[in-house]
Amino acid sequence: MKPQPVIVVLAAGRGSRFRGRDHKLVQQLGSQSVLGRTIGQAIASGLPVVVVTTEPLATESSRWVARRDVVVLPEVGTGPSGLGMGYSIAAGVAARPEAAGWLVLPGDMPMVKPGSLQAVAAALDQHPVVFAQHRGRRGHPVGFSSELFSDLVQLSGDEGARRVVARYPSIGLELEDPGVLIDVDTEDDLAALRASSPPPPAYPAS
């Protein structure tokens, strides 16, 4: 069977802008957590999924995917003590080196539709870098073809994969999915999602 692109869900950040008592990714959004909803959308795409996270969120991640699909890192965050988003991306890519590409999806983006993930994955057959966009605004996921493996596994720091995106030809894939722009950074973001979000489909836990 031909390898598929893998969705790398990033769930290792500190979520420092969220002032709630618990991490933003474990906040309830309907019957699931924010992270659970994001992972559920990824699973529903039919693509393989790996979750890059820290020990405090490993149990929550393992509710939705098998433990073998959870990569546990030291806590990642900005500043000199943090490893940065680039390190998380590198770890997720390195965990699935045989993939046909990788779709980077932040764990705080629970509204990205499965079809949007499939569309970005399909576009990697013809482009080295593909990012989702809605009404001309750049969003997530960002997809990378397998030829960029060496660049991706060397990432570190807080810039994520911006240098890789800048170095190679990239296209914006216009999608009728506002979810590619919606993340949960603050309590207000979460309240707005709770007010407007329909109940999710019932994704089975792995």
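Trainee: Where is Asp-188 found?

Mentor: In this predicted model, Asp-188 is part of helix 7, which covers residues 187-196.

Trainee: Is Asp-188 buried or exposed?

Mentor: Asp-188 is exposed, because its relative accessible area is 63% and the cut-off for exposed is over 50%.

Trainee: How far apart are Asp-188 and Phe-18?

Mentor: In space they are 9.2 Å apart, C-alpha to C-alpha. Along the sequence, 170 residues separate Asp-188 from Phe-18.

Trainee: Let me step back. How many helices and strands does the protein have?

Mentor: There are 7 helices and 9 strands. The protein has 206 residues, and 52% of them are buried.

Trainee: And what does the surface come to?

Mentor: The accessible surface is about 9,800 Å², with 51% of it belonging to carbon and sulfur atoms.

Trainee: What about contacts, what share join residues at least 24 apart?

Mentor: The share is 71%, taken among contacts between residues at least 6 apart in sequence.

Trainee: Now strand 6. How many of its residues are buried?

Mentor: Strand 6 spans residues 101-106, and 6 of the 6 are buried, so the strand is largely enclosed by the rest of the structure.

Trainee: Which residues are on each side of it?

Mentor: One side of strand 6 has Gly-101, Leu-103 and Leu-105, and the other has Trp-102, Val-104 and Pro-106. Both faces are covered.

Trainee: Which way do strand 1 and strand 6 run, parallel or antiparallel?

Mentor: Strand 1, residues 6-11, runs parallel to strand 6, and 5 bridges join the two. At one of these positions Val-8 has Val-104 of strand 6 as its bridge partner.

Trainee: And how many bridges are there between strand 6 and strand 8?

Mentor: There are 4, and that pairing is antiparallel. Strand 8 covers residues 137-145. Val-104 turns up again here, standing opposite Val-142 of strand 8.

Trainee: Which residues touch the most other members in the largest nonpolar core?

Mentor: Ile-7, Val-9 and Leu-103 do, in a core of 34 residues. The elements that give two or more residues to this core are strand 1, helix 1 (34-44), strand 4 (49-54), strand 6, helix 4 (114-123), strand 7 (129-134) and helix 7.

Trainee: What does Val-9 touch?

Mentor: Leaving out residues up to four places away in sequence, the contacts of Val-9 include Leu-35, Thr-38, Ile-39, Val-52 and Leu-105. Val-52 is also in a second, separate core of 24 residues, which includes Val-71, Trp-102 and Val-104 as well.

Trainee: Back to Trp-102. How many aromatic pairs are there?

Mentor: The count is 1 aromatic pair. Trp-102 and Phe-149 form it, with the rings 5.9 Å apart centre to centre and 35° between the planes, so the pair is classed as tilted.

Trainee: Which elements do the two rings lie in?

Mentor: Trp-102 lies in strand 6 and Phe-149 in helix 5, so the pair ties together parts that are 47 residues apart in sequence.

Trainee: Are the two residues buried or exposed?

Mentor: Trp-102 is buried, at 0% relative accessibility. Phe-149 is partly exposed, at 27%.

Trainee: On to helix 3. How far does it reach?

Mentor: Helix 3, residues 84-95, reaches 17 Å from its first C-alpha to its last, close to the expected 16 Å. Its buried residues include Ile-89, Ala-90, Ala-91 and Val-93.

Trainee: What do the buried residues of helix 3 pack against?

Mentor: They pack against strand 1, strand 4, strand 5 (70-73), strand 6 and helix 5 (149-152).

Trainee: And helix 1, how many of its residues are buried?

Mentor: In helix 1, 9 of the 11 residues are buried, so the helix is largely enclosed by the rest of the structure. Among them are Arg-37 and Gln-41.

Trainee: What follows helix 1?

Mentor: Gly-46 follows it, with a positive phi near 85°.

Trainee: Last one, Leu-57. Where is it, and is it buried or exposed?

Mentor: Leu-57 is in helix 2, residues 55-62. Leu-57 is buried, with a relative accessible area of 4%.

Trainee: What does Leu-57 touch?

Mentor: Not counting residues up to four places away in sequence, Leu-57 touches Ala-11, His-23, Leu-25 and Val-26. Leu-57 and Leu-35 are 9.3 Å apart in space, C-alpha to C-alpha, and 22 residues apart in sequence.

Technical notes. Residues are numbered from 1 along each chain as its sequence is written. This is a predicted model: local features need pLDDT of at least 70, side-chain atom pairs count only at pLDDT 80 or more; totals for chains, interfaces and linings use all residues. Side-chain values use heavy atoms; hydrogens and water are left out. Buried means under 20% relative accessible area, exposed over 50%, partly exposed in between (1.4 Å probe, protein chains only). Contact means heavy atoms within 4.5 Å. Two strands pair if DSSP finds at least two bridges between them. Accessible areas come from the Shrake-Rupley method with a 1.4 Å probe; for residues, only the protein chains shown count as cover. A nonpolar core is a set of buried Ala, Val, Leu, Ile, Met, Phe, Trp, Tyr and Cys residues joined through side-chain atoms within 4.5 Å. The expected span of a helix is 1.5 Å times one less than its number of residues. Rings of Phe, Tyr and Trp (its six-membered ring) pair if their centres lie within 6.5 Å; planes under 30 degrees apart count as stacked, over 60 as edge-to-face and the rest as tilted.
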